Amino acid sequence: MDRPITTLFMLMSVDGKISTGSTDELDVDRDFPNIPGVKEGLHQYYEIEQATDLWSFNTGRVQAKMGVNEKELPPKTPVSFVLLDNHYLTEHGVTYFCALSKQAVVITSNASHPAFHVDADNLHIIYQERLSLSAALERFKKECGCERLTVQSGGTVNGLFLREKLLDYVDIVVAPILIGGKDTPTLIDGRSLVSNTELSELGVLKLIDCSVLQDSYLRLRYEVIR
């Protein structure tokens, strides 16, 4: 395979929501720890997360929402991060990930992205005039040696992975909560199918494991077969 093997790893509600609402002020990482009946089992998700691949794919929007543009620089970890971003990360945000990561990769279509002003030996920038996730994945496998990648982006970018057939596995932790709201981000957002001729773009899954966790949480693991 010319690209890394990818696994979509996410925490979601029973109704498929990956946020607690439609604004950036609402977020599962901030809100779930404060919700009785949900907070008790939340630690299991983070424990599983610690055992995922050492390459993690994120978006600048999600990370900016988590405050990386303002946080103090962290200690180094063995994890490498790939960040898809055009305008959410500041120069400090990119520097944050360079400090955190074994290797940090920024994929951008912004020729003036702040990453171009960061001087770090472990920073790789993939500039594309027009975004092509498949080409970007092929490039950083070749240049950075990434063999396996955990995708933890937002619903819109998850949708790009799906439509470009770049997902190999799906690993979902389901929290015991219903959130609702047509504008609340879901596991897969982005472009909707509009005709039967597009059904080949669907992701068909084969269940490979189903685990009942503590406090009414579930873990579902699938292989993408089409």
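The chain exposes about 11,500 Å² of surface, and carbon and sulfur atoms supply 52% of that area. Keep in mind as we go that this is a predicted model. Beneath the surface, 46% of the 226 residues count as buried.

Let's take the overall build next. The chain has six helices and nine strands. Its radius of gyration is 17 Å, close to the 17 Å that the globule rule gives for 226 residues, so the chain is as compact as a globular protein of that length. Along the principal axes, the C-alpha trace spans about 45 × 45 × 30 Å. If you look at contacts with a separation of 6 or more, 66% of them join residues 24 or more positions apart.

Now to the interior. In soluble globular proteins, nonpolar side chains tend to be buried together. Here, the largest nonpolar core has 30 residues, and those with the most contacts inside it are F57, V82, I107, F140, L149 and F161. Helix 5, residues 133–144, gives the most to this core, with five residues. Apart from this core lies another, of 14 residues, with V68, L83, L89 and A104 among them.

L149 is a good place to stop and look around. Which residues does L149 touch, once those up to four places away in sequence are set aside? Its partners are P4, I5, T6 and T7, then D53, W55, S56 and F57, and finally V82, L137 and F140. Just before it in the numbering comes R148, found in strand 6, which covers residues 148–151. With a relative accessible area of 38%, R148 is partly exposed. Leaving aside neighbours within four places in sequence, R148 is in contact with P4, I5, D53, W55 and Y169. For a sense of scale, try tracing from R148 to E198: the two are 50 residues apart in sequence and 28 Å apart in space, C-alpha to C-alpha.

Back in helix 5, you will find K141. Is this lysine buried or exposed? At 17% relative accessibility, K141 counts as buried, because the cut-off for that class is under 20%. Beyond residues up to four places away in sequence, K141 touches M1, D2, R3, P4, C146 and E147.

The aromatic residues offer another way through the fold, with a count of seven aromatic pairs. One of them is W55 with F140: the ring centres are 5.8 Å apart and the planes lie at 25°, so the pair is stacked. This pair links distant parts of the chain, with W55 in strand 2 (residues 55–59) and F140 in helix 5, 85 residues apart. Both W55 and F140 are buried. F116 and Y127 make a pair of another kind: their ring centres are 6.5 Å apart with planes at 65°, so they sit edge-to-face. F116 lies in the loop between strand 4 and strand 5, while Y127 is in strand 5, 11 residues apart. F116 is partly exposed at 40% relative accessibility, and Y127 is partly exposed at 34%. Elsewhere, F9, Y45 and Y46 form one aromatic cluster.

Helix 4 deserves a visit too. Spanning residues 91–100, helix 4 has G93, V94, Y96, F97, C98 and L100 as its buried residues. An α-helix has 3.6 residues a turn, so residues three or four places apart point the same way. What do the buried residues of helix 4 pack against? Their partners are helix 3 (60–65), strand 3 (80–84), strand 4 (104–108) and strand 5 (123–127).

C98 in that helix brings us to the cysteines. How many disulfides does the structure hold? The number is zero. C98 is in no disulfide, and the nearest cysteine sulfur, that of C144, is 12 Å away. C98 is buried, with a relative accessible area of 6%. C146 is likewise in no disulfide; the nearest cysteine sulfur, again that of C144, is 8.0 Å away. A disulfide calls for sulfur atoms within 2.5 Å, so a separation of 8.0 Å does not qualify. At 0% relative accessibility, C146 counts as buried. You have already met C146, as one of the residues that K141 touches.

Methods
Residues numbered from 1 in each chain as written. Predicted model: local features only at pLDDT ≥ 70, side-chain atom pairs only at ≥ 80, totals over all residues. Heavy atoms only, no water. Core = buried A, V, L, I, M, F, W, Y, C linked by side-chain atoms within 4.5 Å. Buried < 20%, exposed > 50% of the residue type's maximum accessible area, 1.4 Å probe, protein only. Helix = DSSP H or I, 4+ residues; strand = E, 2+ residues; numbered from the N terminus. Contact = heavy atoms within 4.5 Å. Rg over C-alpha atoms; globule rule 2.2 N^0.38 Å. Areas by Shrake-Rupley, 256 points an atom, 1.4 Å probe, with all protein chains shown as cover. Phe/Tyr/Trp six-rings, centres within 6.5 Å; stacked < 30°, edge-to-face > 60°.
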